[in-house]
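Hi,

Here is the structure I promised to pass on. Have a look at it first, and then read on for what turned up when I went through it.

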Amino acid sequence: MTTLPVVMAQTPSAQTSSMETGSGSLLPVYKRFPLEIVRGEGTQLLASDGRSYLDFTSGIGVNALGYADAGIAEAARGALECGVLHTSNLFHTAPGEALADALVAKSFASKVFFCNSGAEANEGAFKFARRWARDLGGGDKREIIALRGAFHGRLFATLAATDRPQYRAPFRPLAGGISIAERDLGELSRMLDHRSVAAVIVEPVQGEGGVRVLEPAFLSGLRKLTRERNVALIFDEVQCGLGRTGWLFAYERTDVVPDVVTLAKPLAGGLPMGAILMTSEIAASVQPGDHGSTFGGGPFVATVAKHVFERLSDPALLARVREHGVWLGDQLRALAARRGEIRAVRGVGYLWGIDVTRPAGEIVANAREAGLIILTAGDYTLRLLPPLIATREELARGLEMLEGALS
Ligand SMILES: Cc1ncc(COP(=O)(O)O)c(C=O)c1O
């Protein structure tokens, strides 16, 4: 284990709190790791017990540029100095407009809507797709279809589009007009023929659902079907977008151009922000008052996001993620060949899933003991999401600790 060359920013929390339960005031909806993080730098996190950890989670896909990034700090300081952390969306503010311009310039989109999270971005995308479909189909075209294994969020509409029975069951009835289909073009074709569908939403790489890279042929077949039936195709790139695959947008890995892309996690470098990118056709049907967000695209968060977006658009960074991603895949497959505990390896860029024969949580705990923080994506799948700045040496060090953690 290496040590982080920084001093602790805080003393450990009061004796009254325990690492298992914290202080007890937070709603216990998360099973938290028994660690209190007090500082970070690059790919390293320092916990209150004085140990440092190599982070292969990026705050679940958020900290693409790692921790204590000087550029993000400078952008945030500049935005603070303007004195307007927030005004309302009743005014024009330059940072949000500049960020929207940059997103439009680098993508298929002609308009952008800003919100505060991934689930919110998907909820908004559902509304915009239905609004567009209503104009086309006079109110009949309203159903949203998501795929087996999907995770799109935990708000009401996104929960209905999330294929996790244990997340859904306690909250029924879920939002109506949303169904889950198999990842099968035949079934999707039948659904599109027999139902009044407004949109199909897919993660080009399913994240929470086990890290499944959807085949380019499947995505282009789906694009063909949705075009023929006048159905909007939404790509949820909340986890796999913004450089994670080695492409700025995950759709660029394929020859498929969607009608809507949703973004969030890494967009503002750790500040809450989501975005919905859409074609001019979809945008044209959205009217003033159809949607809104008090905080969406505020000047502080947008200034930081503009900086992050420029950095993540850097062709050299993207090429490195692609190249290291290929290497990572080779190393993981070699590990699988040596170790019977691994059943399958899937992924691309800096997003990898590893199916294991033992409960994934046990391996995550072993890895943490060894100084590596990783995630699960299901009960028997490990998930690796290193910061996009992780070097080949850091990736190799993490893999060594991972191998140790398998036993
Ligand atoms: C693909 C995908 N969509 C949506 C979400 C929801 O994002 P948020 O937690 O910001 O609401 C997530 C979160 O993990 C995600 O991975």
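How many bridges join β4 to strand β12, and do they run parallel or antiparallel? There are five bridges between β4 and β12 (residues 274–278), and the two strands are antiparallel. If you want a spot to click on, C115 has G274 of β12 as its bridge partner. Before going further, please keep in mind that this is a predicted model.

**The seven-stranded sheet**

That pair belongs to an open sheet of seven strands, which reads β4-β12-β11-β10-β7-β5-β6 and has mixed pairing. At its edges are β4 (111–115) and β6 (178–181), each of them pairing on one side only. On average, neighbouring strands here are turned by 20° against each other, if you ignore direction. As a bit of background, strands of a sheet pair through backbone hydrogen bonds, and they can do so parallel or antiparallel.

Now go to β10 (residues 232–236). Is this strand mostly covered or mostly open? It is mostly covered, with five of its five residues buried. You can check that face by face: A232, I234 and D236 are buried on one side, and L233 and F235 are buried on the other.

β10 also has a partner on each of two strands that you can trace through one residue, I234. Towards β7 (residues 197–202), the pairing is parallel and has four bridges, with I201 matched to I234. Towards β11 (residues 260–263), the pairing is again parallel, this time over three bridges, and here I234 stands opposite V260.

**The four-stranded sheet**

There is another open sheet, made of four strands in the order β13-β14-β17-β16, with antiparallel pairing. Its edges are β13 (342–348) and β16 (375–376); each has a single partner strand, so one side of each has no neighbour in the sheet. From β16 you can step to β17 (residues 381–384) over two bridges, in the antiparallel sense. L375 and R383 stand opposite each other there.

Helix α11 (residues 315–338) packs on this sheet, where it touches β13 and β14 (351–356), and its direction makes about 175° with that of β13. Helix α12 (residues 360–370) lies across β14, β16 and β17, and runs at about 40° to β17.

**A pair of helices**

Next, pick out α2 (residues 70–81) and α10 (residues 299–312). How do their axes cross, and within what distance do they come? The axes come within 9 Å and cross at roughly 150°. Because of that angle, α2 counts as roughly antiparallel to α10. The crossing of α2 and α10 is right-handed.

On the α2 side, the residues in the contact are G71, I72, A75, A76, G78 and A79, and they meet P299, F300, T303, V304, H307, V308 and R311 of α10. Sorted by type, the residues of this contact are eight nonpolar, four polar and one charged.

**A hairpin**

β1 (residues 37–41) and β2 (residues 44–47) run antiparallel and are joined by four bridges. I37 finds its bridge partner in A47 of β2. The two strands make a hairpin with two residues between them, and in the turn G42 has a positive phi of about 60°.

**Some backbone details**

Most residues other than glycine have a negative phi, and most peptide bonds are trans. With that in mind, here are the places I would show you.

- The peptide bond from R172 to P173 is cis, and its omega is near 0°. You will find P173 in the loop between α6 (165–168) and β6.
- I60 is not a glycine, but its phi is positive, near 55°. I60 sits in helix α1 (residues 58–61). Is I60 buried or partly exposed? It counts as partly exposed, because it has 13 C-beta neighbours inside 10 Å.
- L242 also has a positive phi without being a glycine, with a value near 55°. L242 is in the loop between β10 and β11. L242 counts as buried because it has 25 C-beta neighbours inside 10 Å.

Happy browsing!

Note on methods. Residues numbered from 1 in each chain as written. Predicted model: local features only at pLDDT ≥ 70, side-chain atom pairs only at ≥ 80, totals over all residues. Buried ≥ 20, exposed ≤ 12 C-beta atoms within 10 Å, placed from the backbone. Pairing = 2+ DSSP bridges. Axes fitted to C-alpha atoms, helices over the stretch in contact; angles between N-to-C directions. Parallel < 35°, antiparallel > 145°, perpendicular 65-115°, else oblique. Left-handed = near helix turned anticlockwise from the far one by under 90°. Contact = placed C-beta atoms within 7 Å. Nonpolar A, V, L, I, M, F, W, Y, C, P; charged D, E, K, R; others polar.
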